[in-house]
Amino acid sequence: MNLPNKLKLCRNKKHLTQQQVAKILCISRKTISGWENSRSLPDIDTLVKISDIYEVSLDYLLRDEKMLDRYSI
């Protein structure tokens with residue numbers, strides 16, 4: 001699963017709307033939509049804030065399971 005899908009999944013698990021997350025982060029709802037639809041990506045500082053809001057690790061957000069499968073022993 002890639003970052004945009006994980007962002008949307010985590011937001012939905014927390015029962016938050018894009019507007020609510022945007023308000024917490026002091027950004028526009030369109031920015032959240034862009035991240036979740038692969039049009040843009042959040043910067044690292046924002047990713048840290050997102051991981052805190054969604055209560056997930058940066059490792060979870062950034063790692064791609066397909067890559068892990070390829071390199072697992």
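**Exercise 1. The overall fold**

How many helices and how many strands does the protein chain have?

*Solution.* Before counting, note that this is a predicted model, in which local features need pLDDT of at least 70, side-chain atom pairs count only at pLDDT 80 or more, and totals for chains, interfaces and linings use all residues. Residues are numbered from 1 along each chain as its sequence is written, and side-chain values use heavy atoms, with hydrogens and water left out.

Step 1: take the DSSP runs, numbered from the N terminus, where a helix is H or I with at least four residues and a strand is E with at least two. Step 2: count them, which gives six helices and zero strands. Step 3: read along the sequence to find the pattern α-α-α-α-α-α.

**Exercise 2. The core**

Which residues touch the most other members of the largest nonpolar core?

*Solution.* Step 1: sort residues by relative accessible area, found with a 1.4 Å probe on protein chains only: buried is under 20%, exposed is over 50%, and partly exposed is in between. Buried residues make up 33% of the 73 residues in the protein chain.

Step 2: build the core, a set of buried Ala, Val, Leu, Ile, Met, Phe, Trp, Tyr and Cys residues joined through side-chain atoms within 4.5 Å. Step 3: look at its 14 residues, of which Leu7, Leu25, Ile50, Tyr54 and Leu61 touch the most other members. Helix 1 (3-13), helix 2 (18-25), helix 3 and helix 4 each supply at least two residues of this core, and helix 4 gives the largest share, four residues.

**Exercise 3. The cavity**

Find which residues line the largest cavity, and which helix supplies the largest share of that lining.

*Solution.* Step 1: search a 1 Å grid over the protein atoms alone for a cavity, a set of points where a 1.4 Å probe fits but cannot get out; lining residues have an atom within 4 Å of a point. Grid points are joined across faces, edges and corners, and the volume is the space filled by probe spheres set on the points.

Step 2: the structure holds one cavity of 30 Å³ or more, and the largest cavity has about 40 Å³ of space. Step 3: its lining consists of Leu7, Val21, Ile32, Trp35, Glu36, Ile50 and Tyr54. Step 4: helix 3 (29-36) and helix 4 (44-54) each supply at least two lining residues, and helix 3 has the largest share, with three.

**Exercise 4. Two unusual loop residues**

What do His15 and Cys26 have in their phi angles, although neither is a glycine?

*Solution.* Step 1: recall that most residues other than glycine have a negative phi. Step 2: His15 has a positive phi of about 55°, and Cys26 has a positive phi of about 60°. Step 3: place them. His15 is in the loop between helix 1 and helix 2, while Cys26 is in the loop between helix 2 and helix 3. Step 4: His15 counts as exposed because its relative accessibility is 69%; Cys26 counts as exposed because its value is 71%.

**Exercise 5. Far in sequence**

How many residues apart in sequence are Leu62 and Lys6?

*Solution.* Step 1: locate Leu62 in helix 5 (residues 58-62). Step 2: Leu62 and Lys6 are 56 residues apart in sequence and 8.9 Å apart in space, C-alpha to C-alpha. Step 3: at 47% relative accessibility, Leu62 counts as partly exposed.

Notes:
On a 1 Å grid over the protein atoms alone, a cavity is a set of points where a 1.4 Å probe fits but cannot get out, and a pocket is an open set with protein on both sides within 12 Å along at least five of seven lines; lining residues have an atom within 4 Å of a point.
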